[in-house]
Every structure is written in structure tokens, then in C-alpha cells.
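I opened the model today and kept notes as I went. The entries follow the order in which I looked things up.

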Amino acid sequence: MFKFILKNADVVTSDLSTIATFADDTAILVSHVNPKIASDILQNQLSLIQEWFKLWKIKVNESKIVHVTFTLNNGNCPPIYLNNQVLPHQTSVRYLGMH
């Protein structure tokens, strides 16, 4: 785990998003009144992180990644991609043992 923490210290960040990490669990949080813009910001952050994964030769298990939208608006955000795969959209997620 120590090796992962050292590598994780230089992960690409943005003023428009927050990255929450604990051990090998990571959440990227984006907030905006417009769901389309929030999705664009999130997609941009994921694209930067995808390049970071390539640099550090980190293999991502896409089957464990989900996209959750918290909104009072009807409809969903546009699809989000990582490694050219659409991340499944869910209504809840378990993070650090909590839903």
C-alpha cells in the first residue's frame, strides 16, 4: 500500500473537482448547477487521470467504477468514459463501507 500512496501523491487535480482517496478507494467529486457542465468537468478530470494511470502503469478495473449523479433535475447526465468504456450510471454507491 505504501507504494500506491507514494504514486498517488502526484495525481492530476483540478480546481473544478475534488479527489477523495483512502487506501485504494478513490472518488472524484464535481459540482455544478448544470448537469451537462458537471459531466464535462468530470470527463476532463477522468481523461487527465487516465493519462496519469498510463504514466505510472496502473491497471484500472473498470468493472468496479460507477458514475453517480446527485441532482433534483429530471434526467441523467451524459455518459462518462474511462479507457473508451462507458462508466455505468447508478443511483447509489458504496464508498468506505457507506452508501
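**Entry 1: the hairpin.** I began with strand β1 (residues 17-22) and strand β2 (residues 25-30). They pair in the antiparallel sense, over 6 bridges. I keep in mind that this is a predicted model. I then looked up who faces whom across the pair. Thr-21 stands opposite Thr-26 in β2. Ile-19 stands opposite Ile-28 in β2. The hairpin has 2 residues between the strands. Ala-23 takes a positive phi there, near 55 degrees.

**Entry 2: the overall layout.** I stepped back to the chain as a whole. I noted 2 helices and 6 strands. From the N terminus on, the order reads α-β-β-α-β-β-β-β. The chain has 99 residues, and 25% of them count as buried. I also looked up the surface. The chain exposes about 7400 Å², with 57% of that supplied by carbon and sulfur atoms. Next came the contacts between residues at least 6 apart in sequence. Of these, 45% join residues at least 24 apart.

**Entry 3: the core.** Which residues make up the largest nonpolar core? I listed Leu-42, Leu-46, Ile-49, Trp-52, Phe-53, Val-60, Ile-80, Leu-82 and Leu-87, 9 residues in all. Helix α2 gives the largest share of this core, 5 residues. In soluble globular proteins, nonpolar side chains tend to be buried together. I picked Val-60 from the core and looked up its contacts, leaving aside neighbours within four places in sequence. Val-60 is in contact with Phe-53, Ile-65, Leu-82 and Asn-83. Phe-53 and Leu-82 are also on the core list.

**Entry 4: aromatic rings.** How many aromatic pairs does a search of the whole structure find? The search finds 1. Trp-52 and Phe-53 form the pair, with 5.7 Å from centre to centre. The angle between their planes is 55 degrees, and the pair is tilted. An angle over 60 degrees would have counted as edge-to-face. Are these two residues buried or exposed? Both Trp-52 and Phe-53 are buried.

**Entry 5: salt bridges.** I looked for charged pairs next. The structure holds 2 salt bridges.

I took Lys-36 and Asp-40 to start. Their closest N and O atoms are 3.0 Å apart. Both residues lie in helix α2 (residues 35-56). They are 4 residues apart, about one turn of the helix. I checked how open each one is. Lys-36 has 45% relative accessibility and counts as partly exposed. Asp-40 has a relative accessible area of 40% and is partly exposed.

Then I took Glu-51 and Lys-54. Their side chains meet in a salt bridge at 3.6 Å, N to O. These residues are 3 apart in helix α2, so about one helical turn separates them. Glu-51 is partly exposed, with a relative accessible area of 46%. Lys-54 is exposed, at 52%. The cut-off for exposed is over 50%.

**Entry 6: positive phi outside glycine.** I had Ala-23 in the hairpin from my opening entry. I looked up two further residues.

Lys-57 has a phi near 55 degrees, a positive value in a residue other than glycine. Where is Lys-57 found? Its place is the loop between α2 and β3 (67-68). Lys-57 is exposed, with a relative accessible area of 74%.

Asn-83 also has a positive phi, near 55 degrees, and is not a glycine. I found Asn-83 in the loop between β4 (81-82) and β5 (85-86). Asn-83 counts as partly exposed, at 29% relative accessibility. I had already met Asn-83 as a contact of Val-60.

**Entry 7: back to helix α2.** I went over my notes on this helix once more. Helix α2 supplies 5 residues of the largest nonpolar core. The salt bridge of Lys-36 and Asp-40 has both its residues in α2. Glu-51 and Lys-54 lie in α2 as well. I stopped there.

Methods
Residues numbered from 1 in each chain as written. Predicted model: local features only at pLDDT ≥ 70, side-chain atom pairs only at ≥ 80, totals over all residues. Heavy atoms only, no water. Buried < 20%, exposed > 50% of the residue type's maximum accessible area, 1.4 Å probe, protein only. Contact = heavy atoms within 4.5 Å. Areas by Shrake-Rupley, 256 points an atom, 1.4 Å probe, with all protein chains shown as cover. Salt bridge = Lys/Arg side-chain N within 4 Å of Asp/Glu carboxyl O. Core = buried A, V, L, I, M, F, W, Y, C linked by side-chain atoms within 4.5 Å. Pairing = 2+ DSSP bridges. Phe/Tyr/Trp six-rings, centres within 6.5 Å; stacked < 30°, edge-to-face > 60°.
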